[in-house]
Amino acid sequence: MTALDQEAPEMTSRSDLDEVLWQAWKAMELPEGLRAEIIEGFIEMSPTGRFAHGQIANRLRDRLVVSLAGSEYVARQDMNVVHDR
């Protein structure tokens, strides 16, 4: 009997896979200075941005808020909070 002759295992639904990914992300304990994001079905770790990076992002967002005022678009920005800092 070949592998093709055997029944394929039942596929897990996408929502089940998303839940497993979400639970894995929530359970992660990352070293200081790293963050984890779910991007296109994968958990990716990257360094957190430095203070200067945040300042530039804030300036850009502030200007976008003014530029987009009255339109159907808005400027939003996420942030990281480091406990006890």
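**A hairpin and its surroundings**

Colleague: Which residue in the turn of the hairpin formed by β1 and β2 has a positive phi?

Modeller: Strands β1 and β2 form a hairpin with two residues between them, where strands are DSSP runs (E, at least two residues) and helices are likewise DSSP runs (H or I, at least four residues), numbered from the N terminus. The residue in question is not a glycine, although its phi is positive at about 50°. This turn residue is E40.

Colleague: At what pLDDT do side-chain atom pairs count in this model?

Modeller: Residues are numbered from 1 along each chain as its sequence is written, and side-chain values use heavy atoms, with hydrogens and water left out. This is a predicted model, in which totals for chains, interfaces and linings use all residues, while local features need pLDDT of at least 70 and side-chain atom pairs count only at pLDDT 80 or more.

Colleague: Is E40 buried or exposed?

Modeller: E40 is found in the loop between β1 and β2, and its relative accessibility is 74%. Buried means under 20% relative accessible area, exposed over 50%, and partly exposed in between (1.4 Å probe, protein chains only). E40 therefore counts as exposed.

Colleague: Which residue of β2 is the bridge partner of E37?

Modeller: Two strands pair if DSSP finds at least two bridges between them, and strand β1 (residues 34–39) pairs with β2 in the antiparallel sense over six bridges. Within this pairing, the partner of E37 is E44.

Colleague: How are the rings of W22 and W25 arranged?

Modeller: Rings of Phe, Tyr and Trp (its six-membered ring) pair if their centres lie within 6.5 Å, and planes under 30 degrees apart count as stacked, over 60 as edge-to-face and the rest as tilted; by this rule the count comes to one aromatic pair. W22 and W25 are three residues apart in helix α1 (residues 14–27), which means about one helical turn separates them. Their ring centres are 5.1 Å apart and their planes stand at 20°, so the pair is stacked.

Colleague: What accessible area do M28, L34 and M45 have together?

Modeller: Patches are made of residues with over 30% relative accessible area and no salt bridge (a side-chain nitrogen of Lys or Arg within 4 Å of a carboxyl oxygen of Asp or Glu), like charges being joined within 9 Å and nonpolar side chains (Val, Leu, Ile, Met, Phe, Trp, Tyr) within 5 Å. Areas come from the Shrake-Rupley method with a 1.4 Å probe, and for residues only the protein chains shown count as cover. M45 lies in strand β2 (residues 42–47), and with M28 and L34 it forms a nonpolar surface patch of about 240 Å².
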